[in-house]
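Visitor: Please take a close look at the salt bridges in this model, and at the one built around a shared acidic partner in particular. I would like the criteria stated along the way, and then a few words on the surroundings.

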Amino acid sequence: MESKDLPHETANTKTDIKKENVLVEYGTTETLAPEDEKKLIRKIDWHLMPILITSYGLQYLDKTSLAYSAILGLREDLSLVGQQYSWSSSIFYIGYLVASYPISLGFVRFPLGKYLSVLIFLWGVILTLHAVTNDYASLMALRALLGVFESAISPGFSLITGMWYTPREHVSRHSIWFAGNAIASIIGTLIAYGLLSYEGSLPQWKLLFLLFGLITVAWSIVTFFYLPDSPQSARFLSASEREFAALRPYKFQRTTQTKSWDRGQFVEALKDVKSWWFSLFSFVICVPNGGTTSFNTLIVNGFGYDKFQTILMGLPASAFQLATVLLSAVLSSTIRKSRLINLVFIFLMAMAGILMVKLLPSSDKLSRLAGFWLVMAVSPAFPLMLSLAASNIAGFTKKSTVMAMIFLGYCAGNLAGPQFFISEEAPNYHTAYTTILACYAITIGLVIVFRFYLVWENARRDKEQGVKIDPEEVRRVNISTDDDVLQVDQTDKENRSFRYIL
């Protein structure tokens with residue numbers, strides 16, 4: 001019997017088969033109906049957000065464990081004097097600073113979910129080893145290493161958000177996983193308060209590090225198996241759902257995770273004024289953050305509360321912080337072109353808070369405490385900034401580079417912040433309070449200038465193309481026209497149809 005050669009299966013044949021499978025699952029249309037898209041988004045949310053919230057919360061617990069340990073006896077047991085406690089906080093950000101760009105190269109070269117999971121495991125091991133530190137030198141070494149391995153989490157999570165969600169969804173999803181900070185702070189406060197009653201042979205602060213470290217190690221195993229590397233490799237989605245999930249954000253930003261570093265995109269990032277704005281803004285907002293994160297228990301203790309009251313006061317502060325993060329996310333998601341405006345209001349509120357702490361008499365400790373809560377409630381600024389970067393920077397290498405620049409500013413600010421808390425000024429850190437006030441005023445100016453710049457750039461592109469494009473509009477995925485260009489990786493400069501989110 002004479003046989004005939006079977007035709008080779010070409011790339012186009014595979015694409016056609018894939019499209020046919022999509023049509024079988026979703027009917028005769030090549031686009032997702034609004035109700036089907038909402039179901040897909042909910043499915044993505046229920047899988048991704050719990051992992052990101054928990055991981056980010058553990059990072060915050062691990063990073064702020066030093067502040068809890070200060071109340072639980074670390075300074076006395078390690079004989080920390082002068083600015084040594086401040087430096088044990090700052091050294092974390094030196095490690096973070098040194099590692100930021102080298103770590104970001106891994107986003108391009110390795111599977112993203114697996115890469116982040118390994119780093120979570122390593123930081124959990126380092127935090128656990130804090131329980132065996134016995135002097136200032138070993139504490140400094142471990143804090144620096146902790147900064148190295150934690151440096152990937154925030155930029156990595158922002159990249160994940162950009163890969164899975166459209167610009168309209170960025171601020172809400174950034175805020176949701178960032179809310180893990182406030183949730184973890186509430187849990188950490190309760191754990192620290194419980195440890196105050198512990199009277200075993202192991203010092204309370206060492207038990208705290210041991211507990212937080214081992215929890216992190218255990219969680220890293222969960223993330224390794226359940227955090228997907230990209231929409232295309234997500235096991236919790238069907239083949240067709242992966243296709244739509246990958247294409248949804250691509251309709252706005254032609255950014256595809258690549259396995260090679262693009263020199264042209266790297267150079268463009270360095271030449272782009274937006275990149276430097278994000279880096280500078282990150283630095284200025286993190287100078288106050290670095291100090292208040294490490295000294296929050298000592299500041300509240302200085303208002304006249306004992307150590308039991310000091311730790312308990314973290315509960316309403318964290319609850320207020322959580323409420324402001326969620327409120328900011330709702331307002332920014334429902335009110336168009338409002339992200340930068342919300343930043344202005346956040347920093348005005350924080351300025352009022354730091355003025356209350358700085359100017360009210362020491363006897364009015366309750367009002368000063370309320371002012372400090374307003375300062376701590378500046379938290380929504382960070383997810384708003386990250387969402388702006390995720391929405392307004394395109395190209396995978398460029399976005400990875402800008403994220404590294406943001407976190408270089410983040411490290412430099414957090415490194416500098418604790419140094420303004422001069423030990424001789426305790427418990428009223430006047431130099432620090434004045435510095436924080438100045439930083440908040442500068443950030444408001446930066447936000448106003450940036451908004452004018454983005455409005456001008458959008459208007460220029462509209463005029464250049466002769467068409468007004470809304471960056472917040474809903475865009476439907478069409479398999480037949482969108483699928484073939486999925487592997488294109490363009491920057492926001494190269495894609496002239498790109499418009500910037502305000």
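Guide: What follows starts with the salt bridges and then turns to a helix, a surface patch and two loops.

The model is predicted, so local features need pLDDT of at least 70 and side-chain atom pairs count only at pLDDT 80 or more, whereas totals for chains, interfaces and linings use all residues. Residues are numbered from 1 along each chain as its sequence is written, and side-chain values use heavy atoms, with hydrogens and water left out.

The structure holds 13 salt bridges, the term standing for a side-chain nitrogen of Lys or Arg within 4 Å of a carboxyl oxygen of Asp or Glu. In one of them the side chains of Lys274 and Asp492 meet at 3.1 Å, N to O. Lys274 belongs to helix α13 (residues 273-302) and Asp492 to the segment after α21 (479-482), so this pair ties together parts that are 218 residues apart in sequence; helices here are DSSP runs of H or I with at least four residues, numbered from the N terminus. Asp492 also forms a salt bridge with Lys398, the closest N and O atoms being 2.9 Å apart. Because Lys398 lies in helix α19 (residues 396-416), while Asp492 follows α21, this second pair ties together parts that are 94 residues apart in sequence.

As for cover, a residue is buried under 20% relative accessible area, exposed over 50% and partly exposed in between, using a 1.4 Å probe and protein chains only. Lys274 and Asp492 are both buried, and Lys398, at 0% relative accessibility, counts as buried too.

A further salt bridge joins the side chains of Arg499 and Asp462, at 2.7 Å from N to O. Arg499 lies in the segment after α21 and Asp462 in helix α20 (residues 430-465), so the pair ties together parts that are 37 residues apart in sequence. Both Arg499 and Asp462 are buried. Salt bridges that share partners join Glu268, Asp272, Lys274, Lys398 and Asp492 into one network.

Turning to the surroundings, helix α2 (residues 34-71) has 38 residues and reaches 52 Å from its first C-alpha to its last, close to the 56 Å expected, where the expected span is 1.5 Å times one less than the number of residues. A kink of about 45° in α2 is centred on Thr64, the bend being the angle between axes fitted to the seven residues ending at a residue and the seven starting there. Of the 38 residues in α2, 27 are buried.

On the surface, Val118, Ile221, Val222, Phe224, Phe225 and Tyr226 form a nonpolar patch with about 550 Å² of accessible area together. Such a patch joins nonpolar side chains (Val, Leu, Ile, Met, Phe, Trp, Tyr) within 5 Å, taken from residues with over 30% relative accessible area and no salt bridge, and the areas come from the Shrake-Rupley method with a 1.4 Å probe. Helix α10 (residues 204-226) gives the most to this patch, with 5 residues, while Val118 lies in helix α5 (residues 112-129).

Most residues other than glycine have a negative phi. Ser79, in the loop between α3 (74-77) and α4 (84-109), has instead a positive phi near 55°. Lys337, in the loop between α15 (314-334) and α16 (339-359), also has a positive phi near 55°.

Note on methods. Helices (H or I, at least four residues) and strands (E, at least two) are DSSP runs, numbered from the N terminus. Patches are made of residues with over 30% relative accessible area and no salt bridge: like charges are joined within 9 Å, nonpolar side chains (Val, Leu, Ile, Met, Phe, Trp, Tyr) within 5 Å.
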